Structures are given as C-alpha cells and as structure tokens.
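Please open the structure in your viewer and keep the selection tool at hand. The tour below goes from place to place, saying what to select and what is there.

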Amino acid sequence: MPDKASLIDLRVSRFLAERLVPATYPRSIPLELTAWVAPGEPVPFAEAVTADFAPFAIGDAWGRPWGTTWIHLTGSVPTDWELSGGKIEVLLDLGFNRGHPGFQSEGLIWSADGTIIKAVEPMNSYVPLDVSPGDTIDLYLEAAANPDIQGESVYAPTPLGDLHTSGDEPLYRFRQADLALRDETVWELVQDVWTLNGLWRELGEELPRRAEILSGLERLVDAVDPDDVLGTAAKGRAVLAPLLASPAYNSAHRLTAIGHAHIDSAWLWPVRETIRKCARTFSNVLALMDENPDFLFACSSAQQFAWMKEFYPELFGRIKARVLEGRFIPVGGMWVESDTNLPGGEAMARQFVAGKGFFLREFGIEPPEVWLPDSFGYSAALPQIVRAAGSEYFLTQKPSWNETNVMPHHTFDWEGIDGTRVFTHFPPVDTYNSILSGEELARAQRNYREKGEANSSLVPFGYGDGGGGPTREMLAAAARTTNLEGSPTVQIQSPRAFFDQAKAEYPKPPVWSGELYLEFHRGTYTSQARTKRGNRRSEHLLREAELWATAATVRTGASYPYSELDEAWQTVLLQQFHDILPGSSIAWVYQVAEEHYARVAKVLEKIITDSLETLSGQGDVSLFANAGPYAVAGAGAFGASAVDAGARDSASVTPGTTGITLQNRFVRVQLDSDGLITSLFDRAADRELVAPGERAGALWIFRDTPAQWDAWDIDVHYQRHGTLIDHVESIEVTADNPDRVAVTVTRARGESRFVQEFALSADSPTLDLVTDVDWHERQKLLKLAFPLDVHAERASSEIQFGHINRPTHGNTSWDAARFETSAHRWVHVGEPGYGVAVANDSTYGHDITRSTRDSGGTTTLVRESLLRAPTFPDPHADQGEHRLATSIRIGATVLDAVAEGYRLNVPPRAFTGAEDIPQLFTVDNPAVVIEAVKLAEDRSGDVIVRLYEANGSRARATVGHGFAVSSVIETDLLERRVEPSALDSQSTDAVQLTLRAFQIVTLRMTPTS
C-alpha cells in the first residue's frame, strides 16, 4: 500500500498538471501566420522582412537542418479581454522537444520596426507584450531549425553535424502561435506549489516540517475549486502563505545565486549559430531585467560581447546600459572560456589580455574572478597566470565529473607550480545550469565540504550549454527560498560579492597544490588532430610574426601590423574554446576551424616575410632567421645569420644483414628488419636506452570504445587491447647527405597507411622521427611507444610557462586515475644524473608508466597519443592524412627538453636577404626563456617582453636588448606597472633579472626616440 505522502503527492501532482497549469492562460486566440524560408545561411532582419512570405499554418512541417524560417505573426487583441490581474503574451511552440533546451529549434522575436524583443525556446516559450485590448499584433519570428545532435544518446554517429550531409527534410512541425492572457495569481500559485513540492522531498521523514508541507499542499487542493480555478486561486495561495513565510534555520547553508547561461562558443552547433544563441539568450535576460529589478546576470567570454557589438548593435547598446548599472555582469576576464590543458603559455596569457582589454575599453570594468565552470581540467600554471592578469578569484565546477576521486574541498586556495595561490570556489551544487530546484539546493548544502569552517557557496542558475539562460520561474524559486524553513537561503548577488564574502568568512582555507586534473574526458588531448596542429602552428607563427614585426618597427620605423595581429589572435583564442580545440564538436566546427587556421597562417606568413625583408633588405644571401630562444644550426636566438657552410661532423647509415644502423658522434641507432628501434645507444655515456627485449619507435593501435562520450573519453580498458603495427611494405635508406641520414619505413594496416622517417643529423644527439599517416580507422587509438631503460620516479611534462612533475606509478587512486595526461612540446624522464627528452610538434596526449622487468631493472614507457577515430559527434573525425613530428634526445636535462621543444616548433626559417639581422635580444642563462616579444597593446610603441624561468629553480640572467631604451619597468599581463619582483638593475643595453622558480615576468621597454 502507498504511504500517505505518496498519495498526497499523486493528488497534488495531478491537480497541478490538470487544473492549475492549464488555468494559467484562461483565454487565447490563434495568430495569423505567413512564412519565408531563407535559402541558405541566416540573413539580417532588414533583408528577411522584404521577402515574399507565403501562407503558413499550425501543423505545417518546417525547417531543414540548420535552416532558418521567418514567420510573420499578426492579429489583434480582443476588445473584451479584461487585463486586471492578467498580462498579454504570445505563446509559441516550434515543435519543441522538452528534453533538451538549447539543443534544438529556437527562435528570436522581432518587432515590425526591427527591435529584438525576446527569444522563444523549449522551457521559455512566451513573449510578453505591452499591449491593450484592440491593439494590433505585428511580429516576426526568426526560427532556427537547429538539429538535436545529441538526441537520446551521446554515442550514435549522425550526419546532422555537417551541413553537407544533414539533408533537406524538415525537422519540426509547428504546433502553436497564440495570443494569450496570463492570470498572474494562478501563475504565482503554480510557483508556490513547485517550490514546496520540491522542498518536502528533500526533508527527512522524521521532520515535522515535511509533514506540514504535505498537509498544506493537500489543503491547497481542497481550497481551490477545480471548476473555478481563477476565482479560488487566491484562496490556495493563502493556504500556502504561512508555509512559505516560515524562516530558515539560523544555520542554514547560504547560497549566492547568480543568473547564468553557459553558452558554448561552439559544440553541437557551429560558431555562426552561437552568435544567434547569444542574441537569443541575452534578449531573454534583458526582458527579465525589465520585469525584475533585483535580477543579476553573469556573462563570461568577451568574444560573445564582441559578437553582439558587431552583429546586433542595438541589442549591445541595451546590454551595455545594464552592464553600467551593475546588473549584466561581465565575469571571467577571458576572450572565451578556453581549454586550459592545450593552449600554450602566451596564448593563455592573451586570453586575459584580449578579454580584459575588451571589458575595460567597452565598459571600464575589470572582472576580479576567472570563470571556467566547464573546461576539461585546469593547468597548474593557471594560478600564476590568473594573478598576473590582475584577477583574485577562480571558479570551476567541472571536477565534480571525476570518475574516481572526489575533490576534498569546495573553497580553497589553489597553488600553482611557482607557489602562487588563488582563492578558488567549486560550487557544491554540482551544476552550472541550476534551475534552483529543491533537489539542487539540498544537494549544495549536503555536498558542501567546508561545514564547520564556512557556510557559503555559489549557485549559477539558468539553462546553459546551448543557451537560454534564466527564466521567470527560476526567479520565482529564488524569491521563495530567500528565507524558507528547511531550505538553504538563496540570495541573488554578484560573483564579486560572493567571493569577497566567502574570502572574509574563510581567511585561511586549505590548499590544493598542482593541477586540477579532470578524471574524465582524457581523449580531448588527442581528438581532432588537424585542429590541434593548427593551434600549435598558429601559436608559433604568431610568436614569429610579432617578434620580427617588432624588430622591424624599432629598427627601421616600419608600421606595426596591430590590426592584423589582433584579428589573428582573436581567431586563435576563439578556437581554443573548450569544445573546439579539445576535439568534441561537430564536423562543421572543424571544417571552419581548419579554414580559419589556413587564413591565419597566410596572414602571418606575409607579416613574417615582409618584416624579414625590411630588416635584412633584398638580396640573394641564404639566411636563417631564428625566432626561438636558443641558438640553432649556427643561428643565434632572435636574429638571422648566413647558413654555416663550415666543416661539420658527419652522420652515417649502414645497412646490415639484420637491420640498419644510423650513427653520429653522439648516438648510434639500430633498426631491425621490421623497421623498429632495437638499440638507441648514447655513445658519450656508453649507455643503452632501449629497455631489454623491447623495441622503440613502434606504432601501437588500440581498441578505443569508451563507455560514454566518444570524442571526449579514453577509458583505461583500452590498455588491454593493443596491437603492434609491425607489417612492413618497404624500408628505404637515404644516405646521400652526410649532414643528415634517414631510414623510411612504410607500413599498412587495413585501409590505413603509415610512413615513418627516422633521421639523424650530424651534430645532434637527437633522433628525429616523422610519422605520416593516412588514417582510415574507426574507434581506434594510435600511440607511438618508447620503452626506455631509465628508472624514472616521475615524468616532467611541459605546461604553460614551465612544467609539471607527475609520478610514473599508480600508488594512490589519484595517481592511477592519471593514466592519460597532457603535455605541450616535450616530456622528460630521468634518473639522477641522466635523462631523456621526447618532444613533439603537435601532439598533446601522453601516457608515461614504469614497470619492473623479471630480470631486474625498470622500464619507463613513454607513449604519445597520435590519433583517435571517434564517431560522435563527428563521425569522420581524424580521417585522412596527418603528419606528426617527434624527437628523442638522449642524455637530456630538463633545459635540453625545453630547447628541443622550441627546435621542433620554431625551427630556423630559411630566406634570402642582403645581410644578417643582429639579435634583438640575448639571454645569458638558458633557464630564462623569452616567450613573447611584441609592441604594447596601447600602441604607444613600447616593447613588451615576456619571460619565464623554465628549470624550476631560482635563476639570474642578463637580458641584452639590441636597441636603445629610455626605461624598463615590470608590468602585469595587461602591461600595467607593478612593483618590481625580478628586475634587479638596468644599463644602457641590458637588464639584470632574478627569477624565482617558474616565475613569469613581463617587461615594458620604452625605446629611445
């Protein structure tokens, strides 16, 4: 037999669904409809309204995938409608699936004069009108037929993510377009019931409060006449009023609620649709603000504000007015909510330079918090970058997705690799898309791990990912739980107010040191390899372009290409968004991304070419321009010099009966008949590096079928399903140049083809390996393996402005969960006195483990994750041709690894000119690395130099500058003067610095006029 509570619940739920909700709109009439289908991509309002509209009716099918249909809504308000206690609204149903707000059809309502009114979406389908009986209705609906890519599964391949394969069949059937009168008393009663109905379910059966609420809800049903809901709704509200007026416990958890709409800048929709999603969501927010003066909304991503300024200037003007009122609140201070594992150091810095720069220019506002609720893990370099950008606080929510371990804190100081700490909050509500339900509020209170020390947390509310934002129902819930017995208290406040209060409440929080590794979505280090290569290449082209353009300006007075560089940076920064660069978006997103990277490369290559010609002059002298921080092939850092044609050592390659030997004075490499490395011998150290019985440089293919989230995840069980690709089609030797010898091995597996070139240069202790792949696998993972005879307790992996050390064992559940990790240009493994560096030009995913051999000794296995082949959301991800470069440097220190990473990613650039280009900068300590050289953002002509300490120890250095300066100061990332922490002294041509471990230093140099 059901218990009493269940019976009451059944009665109340049915009464709510069958009586109260339908009575919310007691009167309605259909509107007249005509429609026009935009033939291609979306068009502006002014163009759409001049089109020929045709008859359209309720029940008609509409909307090819990604298409736009404009619907003209007309009618008039009946003269007999009584507005006392009611409001006139338009109700629309485009064919919504209520299960996925923001992931399907959406619409934007325009007035006849071209003003945006509000959006319509699955959970927010009304449009308020300021009209009276007898007034005419003349509106336009811009209806977007966005397909529900995810559907009921996150596994099934779909053609809908590619405009070329999505088809032309209509996706939706138009269900409703009514002019309706909303009864405010009934609507408020529905909200009362919703709040109390959610609250009692979270209370223990032993609590009197639970019984009181259930009894009150039953009395409500008795009080409201089902045949006269409008006339008796006020009685129902009176029954519930005492229950809603009972105050919260003094010890109740305190929740700061902030309106929010985490709009992914691309994901299961292209960037062009994100722009429209922003307009729809922000118009919803502005409409709510017009009706609710206490409503506040937080919006991150300067890019999204910039889109509104460019594409919707009238809407942007209204947004700006609310920003200046303090109600529409820019947060985060970044260009987009980027990934933080994959972007390089300077790119991570530029997220803040671009983001905060926009907010300061447009609004005079600098957000104090960094806002990254949904990125897939957080680099240990971030705390220093955050503080160097002038921010005080950090917010994330994503670690609640961990598969294995639970974060021990919700409020804490997060410590980065250099020791910098940032006050951090991780909302215990475990969502950034709250609807402020009783379940969510109770979960926040239950989960909160700082009980007894503090009692405050943040809850971002509003439909997100695909946009939509807060609704009036959520605001009603917030109002009812401001001070409600049995519930945490809810107060709408700004993020800054929350953080200031939380820090004052908890002045000495616990410390979490190191990365915030997400135990999930490990495949994002590898998916969509072309986009990752485009990102890496763009970052280094930007480095070159800025360096040589700066040199040309300070030395010749050439014009600096500010606008072209800004545009290139903004493109690269946008594509570092946490669903683009990680590889988790639809095919359309990557088609556009690759086009953008090609355009960026073309622009930057021209800047580089023009700048080098300006610096060197026209001529036929063969030169190498070195934009890297270390001398390479005779070319000094930050300068250009003639090709060294002097005497050199030689390299050799010798075929034998059992394989092939490559060697120079540093290293001897032996390949067997399968084209795999059986020996990597350090001649100077007299040491073999390939572990006994193993072969290096081997390609392994693994079954890659994660339990969920195809493009996102690599699950640990992949390790049990590996196959060595050892079938050889051909082996070719290149020995005609003693400066560089090579062996090329061609392999095939099914329809896929693999060509590996093993190359050794005469004067280098490094073996270079280029892997060309024509990839035609499905749900497979390709790894490149180096089993090394090195006893490594830990692996050092490059991250932004330094490196992180991770154990090679799995002692704890935290260690074991890190079975796949990210690194930038290099990883280093070693034992005291000896190490090996493995560098790459576009690979991020790695796994590094240590095992004990039966015969004694340990093998450290370094594997690069080269390619994946997920089938959702892009069913053709990574198919086709790829080129991936790897190098293995023997006898390497960490600084050797740093140098190797730059050599692969910023190789000397061959060009012809008239004369050498003197070095723009010199540094006398290899541990101090110049990461960026540019002109100042304020266009003053000052030169900005960003350096960091790379070894993880204190370092002193003299930095020489090859141009006259009148002053040198230290600044933050936004190029504002700060108290010097590294600048010791300066002379006419150099500065002396002392840097702490991994310290980032930004210098601002004013050239002598």
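Which helices and strands each supply at least two residues of the lining of the largest cavity? Before you select anything, keep in mind that this is a predicted model. Now select helix H9 (345-363) and helix H14 (529-556), and then add strand E37 (794-799) and strand E47 (928-935), for these are the four elements that each give at least two residues to that lining. Of the elements in the lining, H14 gives the most, with six residues.

To find the middle of this space, select Gly345, Glu346, His540, Arg825 and Glu931, which lie nearest the centre of the largest cavity among the 23 residues that line it. The space itself comes to about 240 Å³, and it belongs to a set of seven cavities of 30 Å³ or more that a search of the whole structure finds. If you colour the lining by class, you will have 10 nonpolar, five polar and eight charged residues.

Keep H14 selected as you move to the largest pocket, since H14 also supplies at least two residues of the lining there, as do strand E35 (766-775), strand E44 (880-889) and helix H18 (894-905). Here the largest share, seven residues, comes from H18. The pocket has a volume of about 1,100 Å³, and its lining is made of 34 residues, of which Val632, Ala633, Asp768, Arg903 and Pro908 lie nearest the centre. By class, the lining of the largest pocket divides into 15 nonpolar, five polar and 14 charged residues.

Next come two sheets. Strands of a sheet pair through backbone hydrogen bonds, either parallel or antiparallel. Select strand E31 (722-724) and strand E39 (821-822), which are the edge strands of an open sheet and pair on one side only; the six strands of this sheet run in the order E31-E30-E36-E43-E42-E39, with antiparallel pairing. If you then add strand E30 (residues 698-703), you can follow its antiparallel pairing with E31 over three bridges, and find Ile701 opposite Thr723 in E31.

For the last stop, select strand E16 (369-371) and strand E22 (511-513), the edge strands of another open sheet, in which five strands follow the order E16-E17-E19-E18-E22 and the pairing is mixed. Neighbouring strands of this sheet are turned by 30° against each other on average, direction ignored. Where E16 meets strand E17 (residues 393-395), the two pair in the parallel sense over three bridges, and Val370 has Phe394 in E17 as its bridge partner.

Key:
Residues numbered from 1 in each chain as written. Predicted model: local features only at pLDDT ≥ 70, side-chain atom pairs only at ≥ 80, totals over all residues. Heavy atoms only, no water. Pairing = 2+ DSSP bridges. 1 Å grid on protein atoms, 1.4 Å probe; cavity = no way out; pocket = protein on both sides within 12 Å on 5 of 7 lines; lining within 4 Å. Points joined across faces, edges and corners; volume = space filled by probe spheres on them. Nonpolar A, V, L, I, M, F, W, Y, C, P; charged D, E, K, R; others polar. Axes fitted to C-alpha atoms, helices over the stretch in contact; angles between N-to-C directions.
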